[in-house]
Every structure is written in structure tokens, then in C-alpha cells.
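Hi,

Here is the structure I said I would pass on. Have a look at it first, and my notes follow underneath.

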Amino acid sequence: MNNIYCHRGLYNNNKTIENTIPAFKKALLRKLPIELDIRLTKDNVIVVFHDDTLERLTKGRNKKQVRELTYQELRVIKLLDEDIYIPTLKEVLSLIEGEVALLIEIKKVDNYTLLFRELDKLLLEYNGLISIESFDPFLFSKLAKTSLNRYKKGLLITDRNKGLKKYFYHLFIYHYFIKKADLDFLAVPKSLISVTEKSSNLPLFIWTVKTKEEYLKYSQKNYTLICDERAL
């Protein structure tokens, strides 16, 4: 069986919302590893939340960025009109307690040094399997200078660039960065599996597997799969 991570927990964004305690509890019930996203609040609390802004998960009512608000301001905001709120990473770690593996995506922040310091404090007290990933290739040189370098780490590669931007991005990533960087895996969208395999022998994490059909297809190879609930 392939290694699997639940993409932002097990959620449907109806009664169970992504990157929240209920979504992570559902994954724990099935003993499934969890992928989640972290970012910093205005007062430097690490919270588990994917987007830069609150807009999508407040149905457009709140367009502020997470980094503009303190945790005390964030913690009272209902997500999708449910009595469900943005958790801190500390709360999530206390819930998981090493029971399943975690794949932590570090979202772009203004001050990586500060985030690394706060993240390291939390993880020093945590006994469980952790891997770290990010879309930002320049994050890894900073991370390598910290004790967080003890964890397995991987670059998320995007397929969202177009035209010349796509050309230069691929040139940098495939012909320079992944040959030089100290990485343990690459996390790639389904559309970039072939080109990535031609450029690197690193293990591949495939995102995001959204259906049972896709799960069966990509299970044929030795990939790690980052899956939505409906694929599982």
C-alpha cells in the first residue's frame, strides 16, 4: 500500500472544514497521516490555515489576511458559518500526539527566522513523525541553518506558471535547484510527474489525488499520495 497523507485532514467543507480539529479527528479515527498548512498571526502564533486571507472560508465576509490579525482576533471567527475555528499548531500537535505522521506545509511568511524559531519550540516537545514542505525554494537554505533540518523536507513544485515565467521557473527548479539543494523528496502536481521523474531520482509526493479513480491510477507506482477525503 502506498504512503498516504490526508490533504488538510478529512473534510468536505460542509460540516467538516479543512485544517480544523474535526477534520484531523476524522483522520485519526482511520489512522491516516495528515498534511496541513501553517502560517503566523500578527502576534506570532503559528496557526493551521491554508489561505493568505479569510475570504474563502468566511464566505467573503472577512477579507483580512491572517498575518494582519492576532490569534485572539482569529479564534472567534467562525469558518463557513459553523462553530468551527482556526486551530493553533500547538492544539493540533496535542491532538495528534504522534499517533500518525504529519506533513507540514510552511506557507509564505514575512519572517521565516521567527517562524522557524516558534516552530522549533513546538516540535522539540513533540514525539512523532514530521516532514516539512514548502513552495518557496529559498526557504530551504534558511531552514538548513536551524535544528529543523533534522526533519525530512521537500520542495512543492507548482504547475501554475505560464509562458516565460513557466520556462524560467522550470529552468531554475529542474536544472539547478533540485540538483544543489539538500532535499528528501519532491511534492509535485499530477501534471508534472513525468518531467520531474526525468530530472530527479528523489521520492515523489503526488498532489492532490481527488478521486478513487486517481487513487487507483497513482497507486500503481511507489509514490506517496496526498489525498482528498473523496479519494479515500
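Below is what I found, going from one helix to the two pockets and then to a single loop residue. Keep in mind that this is a predicted model.

**Helix α4**

Let's start with α4, which covers residues 112-124. Its length checks out: with 13 residues at 1.5 Å a residue, the helix should span 18 Å, and the end C-alpha atoms are indeed 18 Å apart, so the two agree. Much of the interest here is in what gets hidden. The buried residues of α4 are Y112, L114, L115, F116, E118, L119, D120, L122 and L123, so you will find E118 and D120 listed there along with the leucines. What covers them? The cover includes the strands β2 (34-40), β3 (46-48), β4 (102-106) and β5 (130-134), and also the helices α3 (89-96) and α5 (139-143). Do zoom in on the start of the helix too: a side-chain oxygen of N111 comes within 3.1 Å of the backbone nitrogen of T113.

**The largest pocket**

The largest pocket holds about 910 Å³ of space. Its lining counts 40 residues, and those nearest the centre are R39, E105, K107, K108 and F135. Two or more lining residues come from each of β2, β4, α4, β5, α6 (163-180) and β8 (204-209), with β2 giving the largest share at four residues. So α4 turns up again here, as one of the contributing elements. By type, the lining has 19 charged residues, eleven nonpolar and ten polar.

**The second largest pocket**

This one has a volume of about 310 Å³. It is lined by 17 residues, and N3, Y5, K152, F205 and T224 sit nearest its centre. At least two lining residues come from each of β1 (3-7), β5 and β8, and β1 provides the largest share, three residues. The make-up of this lining is eleven nonpolar, four polar and two charged residues. Note that β5 and β8 contribute to this pocket and are also on the list for the largest pocket.

**T20**

One last residue to click on: T20, in the loop between β1 and α1 (21-29). Is T20 buried or exposed? Its relative accessibility is 0%, and therefore T20 counts as buried, the cut-off being under 20%. Leaving out residues up to four places away in sequence, T20 touches L79, I84, Y85 and P87.

Shout if you would like to go through any of this together.

Cheers

Notes: Residues numbered from 1 in each chain as written. Predicted model: local features only at pLDDT ≥ 70, side-chain atom pairs only at ≥ 80, totals over all residues. Heavy atoms only, no water. Expected span 1.5 Å × (residues − 1). Buried < 20%, exposed > 50% of the residue type's maximum accessible area, 1.4 Å probe, protein only. Contact = heavy atoms within 4.5 Å. Polar contact = N/O pair within 3.5 Å; in protein donor to acceptor, adjacent residues only side chain to side chain. 1 Å grid on protein atoms, 1.4 Å probe; cavity = no way out; pocket = protein on both sides within 12 Å on 5 of 7 lines; lining within 4 Å. Points joined across faces, edges and corners; volume = space filled by probe spheres on them. Nonpolar A, V, L, I, M, F, W, Y, C, P; charged D, E, K, R; others polar.
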